[in-house]
Each structure stands twice: as C-alpha cells, then as structure tokens.
Amino acid sequence: MSLGIAGMGWVTPLGSGVDTVWNRLLNGEVSSAGSIEGPMGQVYPIYAVPAEATAKAPAHPRLRRSSAISRFAVVAGLAALEDAGVTLNDETAARTALVFAVSNGGVVYTKKFYHEIVESGAKAASPLLFPETVFNAPASHLAAILGIAGASYTLVGDGAVGILALKMAEDLMASHALDRCLVVGAEEADWLLCDAYRKWRLLRSAPPIEPFGRPPRGMILSEGAGAVLLTRSAALQIDKIAAGTNFRKQSEAGASVQEVFSELCRENESDLVVASANGTFIDEAERGGIAAACPGAKVLAVKGALGESVGASSLWQTIAAAQSLRTQQVPQVSSFSGEAGPPSGKIRRALVSVCGLNQQVAGLRVALS
Amino acid sequence: MPEISPSTDRLNPARVAIVAAGIVSPLGFGLHETLGSLRESRDCVTPVTRFAVDHTRCKTAGQVSDERLARAGEPQLRSERLHRVARMMILALEEALEQAPGFQPQLSVVGTTSGGMTFGEEYYRGLKGGRISRRRAASLIANYTPQKPVMDAQETFGLTAPCQVIANACASGTNAIGHAFECIRSGHYQRVLAGGYDALSELVFVGFDSLQASTPERCRPFDRERTGLVLGEGAAILLLENLESARARGVTILAEVLGYGISTDNHHLTQPNPSGSGARQAMEGALHSGGIKPQEIDYVNAHGTATPFNDAAEGKAIAELFDGVPVSSTKGMMGHSLGAAGAIEAVISLLALQNQFLPPNINFRHGDADLNLNIIANESQAGSLRTVLSNSFGFGGTNASVIIRAVDS
C-alpha cells in the first residue's frame with residue numbers, strides 16, 4: 001500500500017516552515033550551536049529551536065502550561081495541514097488519525113518534577129507538572145487543538161520511531177475508514193539528555209557534526225518537530241516502508257541496516273539516500289548498506305546541519321527526501337565517499353535510512369507518482 | 001514486509017485467534033497462579049517496599065516479588081543491565097512461547113507508560129550525588145528506554161520483529177492488543193505479538209499521589225465511598241495469529257479477538273468527560289468492529305480505577321450501553337499497572353472465558369446510587385461466558401476497548 005504525502009510541517013534549529021528550512025539547507029546553512037549548562041557547571045553544545053520558530057503556536061488553553069515539545073508538535077502539525085490545504089471540522093476530523101513519535105518526550109518537566117522529589121520530598125511534587133511528563137501529553141494537546149476524537153497513538157522508540165509511526169499510519173489506513181493520518185515526531189532538548197548521551201560516549205563536545213567522517217567524533221543534540229500528513233494518494237508517495245528489525249550490539253548494526261536496504265531496494269534502486277548518519281557508529285553501519293544496495297545513489301545526511309533530534313529525526317529525513325523529489329535539488333551538507341553534490345539526473349526515488357542509537361533500524365522509500 | 005493473506009477484503013476481514021498468553025503480576029507468576037488468585041479473590045496489594053513513602057498519602061501498591069523475579073529464569077535473566085520489568089517481560093513471553101513453540105511474530109506491539117523509569121531515577125540521583133560510575137551510567141541510559149524491555153524479551157528467544165511501543169498512558173496495553181488485532185484482521189499480517197508492561201517507580205507513584213488520584217485507603221472500584229487508585233506493575237503478552245492460519249497449523253486456539261474500539265476524549269488532560277462519552281465511544285467502536293450487539297456481552301472487565309471521576313464516567317457509559325451486564329474491576333486486587341493494565345486484564349478476561357467464572361471486584365462495600373451497575377462484589381462467581389469486553393482509559397483522553405470471544409471447538 002502506498003501513501004500520499006499531502007502536507008508537511010517542519011520546526012528545526014534552522015527555523016520553521018518547510019520551504020524556509022529547505023532553502024537554508026540548499027544554501028549550505030548549518031544550525032548555530034548554542035550551549036546549555038547543567039547544575040554542576042557542565043556545558044554542552046546544543047542546536048536549539050529559535051523562539052521565532054514557534055511564534056505561530058495558537059493561544060490555546062492546552063498550551064498554557066505545556067512544555068516546548070508540545071509547542072513544536074502543534075506548530076509542525078498545523079503547518080502540515082495548512083500545506084495540504086486541509087481544515088479540520090467535526091466531519092473531517094472524524095476521518096483523521098494522529099500518530100505521534102517520540103523518544104525522550106517531555107524531559108524538561110520530567111526532570112523538573114523528579115528534581116523536586118529528590119530535593120524537597122514527595123510533598124513538594126507539583127500536580128501541574130506531572131501530567132505533562134506523560135509520553136502522550138503532546139499528542140493529547142495536538143488532538144484537542146485539532147478536534148481529533150478517534151484514533152490517536154503515541155509511539156516511543158529510538159531514532160527509528162518516526163518510521164515505525166509512519167508504518168503504524170499505513171496499517172491504520174488499511175484498517176480504518178480514514179481519509180488521512182497526521183504523523184508527527186517531536187523532541188525537546190535538555191542538559192540532562194546531553195549528559196546522558198555524553199556518558200554513553202555518543203556526544204561531541206563541540207560542533208560540527210561530521211556525518212560519515214572517519215573516525216566518528218560524535219553527535220550534537222537538537223530539538224524540534226516534523227509532521228507529515230498522509231492521504232491515500234498525492235504527487236509524492238511513500239511507496240514502501242520497512243518496519244525494520246533490531247540489532248543487539250552496535251557492531252551488528254550494519255547487518256540490520258543492510259537487511260532494511262535490501263528490502264527497500266529489491267524492486268528499484270534509489271537515486272538518493274537520506275541517511276541518519278550523525279557522527280557516531282551509525283555512519284559506518286549505513287556506509288555498508290549504501291555501498292551494497294545503492295552504490296550509485298547520492299547521499300544526504302541532514303543531521304550535519306540540523307543535529308540529532310532523535311524522536312523527530314526520521315520525520316525530518318522523510319521531509320528532506322520529499323523536498324528533494326519536489327524541488328529536484330539536494331543540499332550539499334555532507335560528504336560520503338566524495339559523492340556529495342547535485343544528482344546528475346532526475347531524482348525519481350529517495351530512500352530514507354534510519355539506524356537508531358538504541359537498537360532499532362527501519363527505512364522507507366519516497367517516490368514521485 | 002508482512003505476508004499478504006488472501007483475506008485483505010474489508011468486507012471479509014480475517015479472524016484473529018489468541019494462540020498463547022503469558023503473565024507476571026502481583027496476582028502471581030503465570031496463568032495458573034493468576035487464575036488461583038482471581039478465584040480466591042486474593043488481595044495482593046501490600047505496603048510499598050521499593051522506595052520511601054513516608055511523605056506520600058498512599059503507601060500501598062500491587063508489587064511483583066523481586067525475590068521471585070531473581071529466582072526465576074536463566075543466568076542471562078539475572079544480568080545487571082536488565083531492568084526488572086524486562087525480567088517480567090521475559091517470563092511472560094517464555095510462558096506464551098511454551099504454548100506456541102516456533103511462533104515468529106512479524107510485528108510486536110507492546111504498551112507501556114514509563115519504560116524503565118527507575119533506571120532514569122537511579123541515573124538522576126547518582127548524578128546529583130556524584131556517586132555513579134560512567135559504566136553504570138551508560139548502562140542505565142541504554143536500558144532506560146521504553147523499547148528495551150521488549151527487545152530484551154525478544155532477544156532472549158531469538159525474535160527480531162520490529163517493535164511498536166505504544167505509550168498511550170493507561171490505555172496502552174489495550175491499544176497494543178487492539179492495533180495488533182487490526183493488523184492481522186486487515187490481512188497484512190499473520191502473526192503479531194501484543195502486550196503491555198510497566199514497573200512501579202517513585203516518579204510515577206509520587207505523581208499520582210500529587211494529583212490525589214491514589215488513595216491512602218483500600219482501592220474500592222465503583223464503591224460509593226471510593227477514594228482513588230493504588231498502583232501496580234507487571235507484564236502480559238498475547239500471541240495473536242490469523243485464525244485460519246492457526247487452525248491450518250493445528251495450533252490450540254484459546255479465544256478470538258473479536259473487536260476493538262479507540263477514542264480520544266479531548267475534555268481534559270487527566271480527567272474524562274463526565275458524560276462518559278469517550279468511554280462509550282470506545283465501547284461502541286469495539287461492538288461495531290466486532291459486529292455484535294451490546295446484549296451479546298456477558299462480562300465487562302472495567303477500567304475501574306476507583307477514582308471518583310473515572311468510575312463515574314465509565315460506570316455511566318457501561319450502564320447506558322449494557323443492561324445489567326456483570327461488571328468488575330480487578331484493580332482492587334492488584335493495583336493499576338498502567339501500561340500493562342490492558343494486557344493483564346485481557347489475560348484475566350481470557351481466563352474468565354476459559355474457566356467460566358466472573359472475576360471479583362474486591363473491597364466493595366456500598367453501591368453507588370448514581371451508577372446502575374451489576375458489580376461482581378468481593379467474591380468471584382461462576383458464570384456462563386462467551387463474549388467479554390475489557391476497557392482501558394488513560395491520561396490524554398485515550399480510551400480503548402477490546403472484545404474477546406470463546407471459540408467453538
């Protein structure tokens with residue numbers, strides 16, 4: 001079953017709006033690194049979403065106390081609907097499902113809530129904060145704002161969760177009387193996450209991220225949201241999704257990536273691979289898959305410019321793949337075996353490859369119909 | 001990619017069999033112990049021992065014995081990196097696979113609310129106190145994430161299916177079973193692993209306490225004097241398969257998943273619409289999906305958290321939709337296991353069907369005059385059951401209902 005991409009929304013450290021962000025990527029811009037400080041004076045680099053990127057967030061009561069992740073998601077979700085020219089009312093909302101992808105979720109409030117418990121005891125815990133710590137709080141806010149009263153799911157996982165969400169959307173469209181499904185991936189950054197990824201030896205101490213660089217020097221966290229509105233047909237299509245597999249050890253990730261590539265490239269080779277390479281072990285895992293399955297493809301690694309947004313990242317890659325097909329242009333933001341640069345011919349198919357940091361691998365293929 | 005079965009026609013959907021089940025909860029380890037606890041109406045809620053509860057109103061929970069978790073299983077189960085809830089998942093999956101050897105899921109759909117949250121807590125406390133080694137920190141981070149217990153369980157038995165981990169708050173487990181059901185029903189999948197898990201954590205325990213949703217007293221679902229929930233923990237797994245395929249393989253079919261309904265109640269982040277409309281929409285959706293009438297339901301395993309708001313809304317919806325159907329919430333016996341609850345209660349519903357009894361709603365003293373419900377008060381009862389419905393509702397307005405039916409031999 002193929003799915004049409006009817007609309008997209010993008011909130012990133014390079015700003016919001018699909019065309020705005022895409023043009024910045026085409027111009028070779030890279031997110032400006034800021035820094036975030038932990039309570040013991042530790043400093044971590046971070047690609048944060050600028051305040052103006054969420055200026056269009058509606059003044060809705062649900063967003064009054066919500067965390068940044070909810071605002072990112074709402075702005076991206078509304079933008080995807082607007083991009084598709086869809087206005088939801090009771091009737092159309094009843095035929096629309098929401099699937100939300102997240103990895104770390106509302107970490108800012110979760111940390112704050114637990115910090116109060118650790119520092120001041122249970123009696124200090126805020127009943128206002130706790131509900132916002134729940135993984136599905138952002139999806140709940142978005143559903144309430146859009147008036148979606150039917151199917152709404154929040155999926156959690158590593159960087160591959162966005163592809164799993166798109167797969168779930170495909171399965172929902174196969175089972176339900178739905179006209180469309182809004183898939184949103186969102187994440188917010190915090191020093192606690194930076195600390196965790198540093199202790200996991202995945203974080204780089206300063207920019208840049210160098211996808212496919214040797215040796216891998218680490219990633220930098222970012223935040224934001226990506227939204228894709230799926231319909232049954234559109235000019236841009238997701239014509240195959242590989243829900244993927246899991247790897248046990250980082251050293252085994254390459255075999256899992258190759259499995260996904262072979263599934264996605266069985267019928268047609270892709271002209272472009274939008275990779276998840278982020279300056280970690282993922283790069284080497286993808287290098288092998290690309291070399292074996294799509295040796296002639298150009299490679300785009302958007303994390304070099306946008307950072308690693310984990311739960312939002314595979315939606316970002318999907319948007320980048322769709323934009324490459326839509327505009328027939330590819331940003332030169334990374335190099336892979338000297339293959340960077342605009343493709344020589346028309347881009348007919350783009351493969352999105354996702355290897356997560358914590359054992360999940362998946363992918364999909366976007367094509368012009 | 002999933003195999004495409006012959007029956008992808010929406011007008012002629014595939015039937016979905018439950019071919020195996022496994023469970024670990026405060027009621028016991030495995031189906032046999034769980035059944036015994038249910039029949040004997042055992043109260044398995046005990047004082048919390050996992051963390052300090054000096055400053056919380058609520059001081060009890062349904063807890064899975066660490067000693068038994070440690071004793072059960074192979075050396076790999078005792079690995080330090082494994083979260084205790086991963087051990088629960090492994091034991092539940094082991095029990096299920098013993099009933100369906102060679103079951104290879106094409107997809108795993110599992111619900112949770114907080115994954116390995118206690119690892120996150122340990123990490124944060126260690127960070128604040130400067131008492132955590134880098135190696136331990138890395139292990140906590142890698143194993144804290146919600147997909148890890150599912151993958152640990154799959155890995156233990158050589159399964160590699162992609163894992164969709166649903167975090168729809170307390171409806172997650174039922175959502176997982178429901179989505180798995182729909183995947184097979186559409187004809188796009190033959191075999192799907194479904195389930196749910198959650199473990200007690202200080203953060204979540206204090207969170208419910210801060211909302212005054214948990215009770216310092218006993219948990220009394222649907223009682224006039226109900227004062228709130230107690231939390232629980234556990235894991236449960238159902239192995240679902242295309243019924244025709246299961247029959248062709250000669251597999252024992254335990255029951256059939258007949259219908260599934262989902263709704264989103266946009267009334268409030270933590271409170272249901274008092275009209276019960278969200279709950280009703282989910283139950284009606286499940287009936288519609290199963291193509292059956294309300295009078296065909298022989299028993300409702302209610303969400304029944306014993307909070308004033310939930311039970312009022314759910315009770316109203318049940319009373320409006322069903323005429324005198326037997327209802328019980330089993331959360332009084334074992335606590336509310338959040339993301340695991342839907343899966344655990346689906347297994348309880350399965351046991352009720354297989355053994356023809358009505359699970360009890362313990363700690364029940366006084367009926368609520370506002371709720372016209374036929375509560376199975378305090379003791380389990382013999383029943384004649386063919387079709388049962390199980391509800392789960394959660395924060396964020398997520399509502400899910402699933403219908404399970406006995407299969408004629």
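Start where the two chains meet: select strand S6 of chain A (152-156) and strand S6 of chain B (residues 163-166). Two bridges join them, and the strands run antiparallel. Keep in mind that you're looking at a predicted model. To find your way along the pair, click Leu155(A), which stands opposite Ile166(B).

**Widen the view to the whole contact**

Now select the residues where the chains touch. Chain A brings 52 residues to the contact and chain B brings 53. On chain A's side, the elements that give two or more residues include helix H4 (107-120), helix H7 (161-175) and strand S13 (360-368). Try colouring that side by residue type: you'll get 28 nonpolar, 17 polar and seven charged.

**Cross over to helix H6 of chain B**

Next, pick residues 148-156 of chain B. This is helix H6, and it is mostly covered, with eight of its nine residues buried. Among the buried ones are Lys148(B), Asp152(B) and Thr156(B). What do the buried residues of H6(B) pack against? Partners in chain B include helix H3 (84-99), strand S5 (107-111) and strand S7 (191-198), and S9 of chain A joins in too. As you leave the helix, stop at Gly158(B), where phi is positive, near 70 degrees.

**Move to strand S15 of chain B**

Jump along chain B to residues 387-394. Eight of the eight residues of this strand, S15, are buried, so it is largely enclosed by the rest of the structure. Show the side chains and look along the strand. In a regular strand, side chains alternate between the two faces of the sheet. Here, Thr387(B), Leu389(B), Asn391(B) and Phe393(B) point one way, while Val388(B), Ser390(B), Ser392(B) and Gly394(B) point the other.

Which strands pair with S15(B)? One is S10 (residues 299-301), which runs parallel to S15(B) and is joined to it by three bridges; look for Val300(B) opposite Leu389(B). Another is S16 (residues 398-405), antiparallel to S15(B), with eight bridges. There, Val388(B) has Ile404(B) as its bridge partner. S15(B) and S16(B) form a hairpin with three residues between them, and Gly396(B) in the turn has a positive phi of about 85 degrees.

**Back to chain A for another hairpin**

Select strands S3 (residues 34-37) and S4 (residues 43-46) of chain A. They pair in the antiparallel sense over four bridges, and Gly34(A) is partnered with Ile46(A). This hairpin has five residues between its strands; its turn holds Gly41(A), with a positive phi of about 85 degrees.

While you're here, add Ser205(A) to the selection. Its C-alpha atom is 8.8 Å from that of Val43(A), although the two are 162 residues apart along the chain. Ser205(A) sits in the loop between H8 and strand S8 (224-231). Is Ser205(A) buried or exposed? With 11 C-beta neighbours inside 10 Å, Ser205(A) counts as exposed.

**Last helix: H12 of chain A**

Pick residues 313-327 of chain A. Helix H12 has 15 residues and reaches 21 Å from first C-alpha to last, close to the 21 Å expected. Of those 15 residues, 13 are buried, so the helix is largely enclosed by the rest of the structure. Just after the helix, Gln328(A) takes a positive phi of about 55 degrees.

**Zoom out**

Finally, show all of chain A, with its 12 helices and 13 strands. Its radius of gyration is 19 Å, close to the 21 Å that the globule rule gives for 369 residues, so chain A is as compact as a globular protein of that length. Buried residues make up 66% of the chain.

Notes
Residues are numbered from 1 along each chain as its sequence is written. Chains are lettered from A and ligands numbered from 1 in the order in which they are written. This is a predicted model: local features need pLDDT of at least 70, side-chain atom pairs count only at pLDDT 80 or more; totals for chains, interfaces and linings use all residues. The expected span of a helix is 1.5 Å times one less than its number of residues. A residue is buried if 20 or more other C-beta atoms lie within 10 Å of its own, exposed if 12 or fewer, and partly exposed in between; C-beta atoms are placed from the backbone. Two residues are in contact if their C-beta atoms, placed from the backbone, lie within 7 Å. Ala, Val, Leu, Ile, Met, Phe, Trp, Tyr, Cys and Pro count as nonpolar, Asp, Glu, Lys and Arg as charged, and the others, Gly among them, as polar. Two strands pair if DSSP finds at least two bridges between them. The radius of gyration is taken over C-alpha atoms; the globule rule is 2.2 Å times the number of residues to the power 0.38.
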